[in-house]
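This report describes how a single protein chain is packed. Please look at the structure first, and then read the account that follows.

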Amino acid sequence: MTGGDFRAPDGCRLAYDVQGEGLPVLWQHGLGADRAQPAEVFPDLPGVRRITLECRGHGRSDLGDEAGLSIARFADDALALLDHLGIDGAVVGGISLGAAIALRLAALHPARVAGLVLARPAWVDEDGPERLAIYRDVAALLRDHGPDEGRRRLLDLPRYRAVAEASPDNAASMRWFFDRPRPDTTIALLDRIPLQGPGVPRDAIGRLDLPARVIANDQDYVHPLAAARTLAGLIPDAELRVVTSKTVDRERYVAEFRAALADFLRGQAA
């Protein structure tokens with residue numbers, strides 16, 4: 001694996017990883033995660049190069065100007081990384097936030113996107129869906145009470161209890177935010193990003209003209225299967241693959257996710 005860092009146009013230092021050789025695949029993480037999350041479910045395929053940008057405030061990347069944090073900025077940064085690496089076109093995709101970034105790139109920069117993978121999408125076209133409000137609850141508790149007391153208070157919130165009942169895996173992620181090494185970036189990210197959306201209207205989604213796959217699972221409060229089905233229905237010729245939820249069996253989730261992604265990427269690399 002190789003990688004390094006580069007400077008975005010505004011000077012923010014951003015880190016990235018590159019693994020493999022061949023077809024470039026920009027493969028992005030979810031909100032609050034780092035390069036390890038998308039790497040876990042990425043198949044080991046010959047002739048495929050995985051490229052992962054750690055977005056501002058994630059992993060080894062700097063936060064930059066908090067006021068400028070947005071899905072649109074993350075997408076611009078991803079495009080800047082492709083420029084930095086001298087890549088004219090790539091398959092783009094990602095998990096949750098990464099899916100929103102990929103959707104925006106495909107809609108706004110179609111000449112740069114050869115294929116699209118939307119995994120466990122949290123957004124369709126709307127800004128600030130109610131199901132993401134739990135992230136802002138976490139940000140407020142962490143800011144006002146710190147990690148230990150904030151986590152304790154989270155467990156008493158009705159919205160957290162609804163998340164835990166529907167998706168224990170999502171609930172575990174919400175608790176994990178209180179252990180994240182960089183509480184300042186956690187607060188900044190969770191305060192802002194859940195209020196946004198990809199900035200791509202449904203008619204633009206319906207005009208996408210490229211190979212596309214949507215990967216989703218049930219028992220997921222934040223990333224409902226209904227959202228994935230909607231996107232798969234909007235994108236012409238997109239195929240939906242439903243995999244086992246992490247709540248049910250994490251090993252099966254990873255294996256089925258890798259298989260669904262590998263099948264798609266083999267077709268693009270051929």
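**Aromatic pairs**

In this predicted model, a search of the whole structure finds six aromatic pairs. One of them joins Trp27 and Phe257: the ring centres are 6.1 Å apart and the planes stand at 75 degrees, so the pair is edge-to-face. Trp27 belongs to strand β3 (residues 23-28) and Phe257 to helix α10 (residues 250-269), so this pair ties together parts that are 230 residues apart in sequence. Trp27 and Phe257 are both buried.

Another pair is formed by Tyr135 and Phe177, whose ring centres are 5.8 Å apart with planes at 70 degrees, so this pair too is edge-to-face. Tyr135 is part of helix α4 (residues 133-154), while Phe177 sits in the loop between α6 (168-176) and α7 (183-192); the pair therefore ties together parts that are 42 residues apart in sequence. Tyr135 is buried, with a relative accessible area of 8%, and Phe177 also counts as buried, at 4%.

Trp27 and Phe257 belong, together with Phe42 and Tyr253, to one aromatic cluster.

**Helices α6 and α10**

The chain has ten helices and eight strands. Which residues of α6 are buried? They are Asp169, Asn170, Ala171 and Met174. The buried residues of α6 pack against α4, α5 (158-166) and α10. A general point about helices helps in reading such a pattern: an α-helix has 3.6 residues a turn, so residues three or four places apart point the same way.

Helix α10 also contains Leu261, which counts as buried because its relative accessibility is 0%. Beyond its neighbours within four places in sequence, Leu261 is in contact with Trp27, Val41, Phe42, Pro43, Val117 and Ile215. Two of these partners, Trp27 and Phe42, are members of the aromatic cluster. By contrast, Leu261 and Arg192 are 69 residues apart in sequence and 30 Å apart in space, from C-alpha to C-alpha.

**Nonpolar cores**

In soluble globular proteins, nonpolar side chains tend to be buried together. The largest nonpolar core here has 73 residues, and those that touch the most other members are Ile101, Leu105, Leu116, Leu118, Tyr135 and Met174. Leu116, when residues up to four places away in sequence are not counted, touches a list of residues that includes Val91, Ala102, Leu208, Ile235 and Phe264. Apart from the largest core lies another of 21 residues, among them Phe42, Ala119, Val243 and Val254.

**Cysteines**

A disulfide is a covalent bond between the sulfur atoms of two cysteines. How many disulfides does the chain contain? The count comes to zero. Cys12 is in no disulfide, and the nearest cysteine sulfur, that of Cys55, is 11 Å away. Seen from Cys55, the closest cysteine sulfur is that of Cys12, and 11 Å is too far for a bond. Cys12 is buried, with a relative accessible area of 6%, and Cys55 counts as buried at 1%.

**Two residues with positive phi**

Arg120 and Gln219 have positive phi values although neither is a glycine. The table sets out their angles, places and burial.

| Residue | Phi | Place | Relative accessibility |
|---|---|---|---|
| Arg120 | about 45 degrees | loop between β6 (113-119) and α4 | 5%, buried |
| Gln219 | near 55 degrees | loop between β7 (212-216) and α9 (225-234) | 36%, partly exposed |

Is Arg120 buried or exposed? At 5% relative accessibility, Arg120 counts as buried, because the limit for that class is under 20%. Gln219, at 36%, counts as partly exposed, since this value falls between the limits of 20% and 50%.

**The chain as a whole**

With 270 residues, a compact globule would have a radius of gyration near 18 Å; the chain has 17 Å, which agrees. Along its principal axes the C-alpha trace spans about 50 × 40 × 35 Å. Of the 270 residues, 55% count as buried. The accessible surface comes to about 11,000 Å², and 48% of this area belongs to carbon and sulfur atoms.

Contacts can also be sorted by distance along the sequence. Among contacts with a separation of 6 or more, 75% are between residues 24 or more positions apart. The pair of Trp27 and Phe257, whose parts are 230 residues apart in sequence, illustrates a link between distant parts of the sequence.

Key:
Residues are numbered from 1 along each chain as its sequence is written. This is a predicted model: local features need pLDDT of at least 70, side-chain atom pairs count only at pLDDT 80 or more; totals for chains, interfaces and linings use all residues. Side-chain values use heavy atoms; hydrogens and water are left out. Rings of Phe, Tyr and Trp (its six-membered ring) pair if their centres lie within 6.5 Å; planes under 30 degrees apart count as stacked, over 60 as edge-to-face and the rest as tilted. Helices (H or I, at least four residues) and strands (E, at least two) are DSSP runs, numbered from the N terminus. Buried means under 20% relative accessible area, exposed over 50%, partly exposed in between (1.4 Å probe, protein chains only). Contact means heavy atoms within 4.5 Å. A disulfide is a pair of cysteine sulfur atoms within 2.5 Å. The radius of gyration is taken over C-alpha atoms; the globule rule is 2.2 Å times the number of residues to the power 0.38. Accessible areas come from the Shrake-Rupley method with a 1.4 Å probe; for residues, only the protein chains shown count as cover. A nonpolar core is a set of buried Ala, Val, Leu, Ile, Met, Phe, Trp, Tyr and Cys residues joined through side-chain atoms within 4.5 Å.
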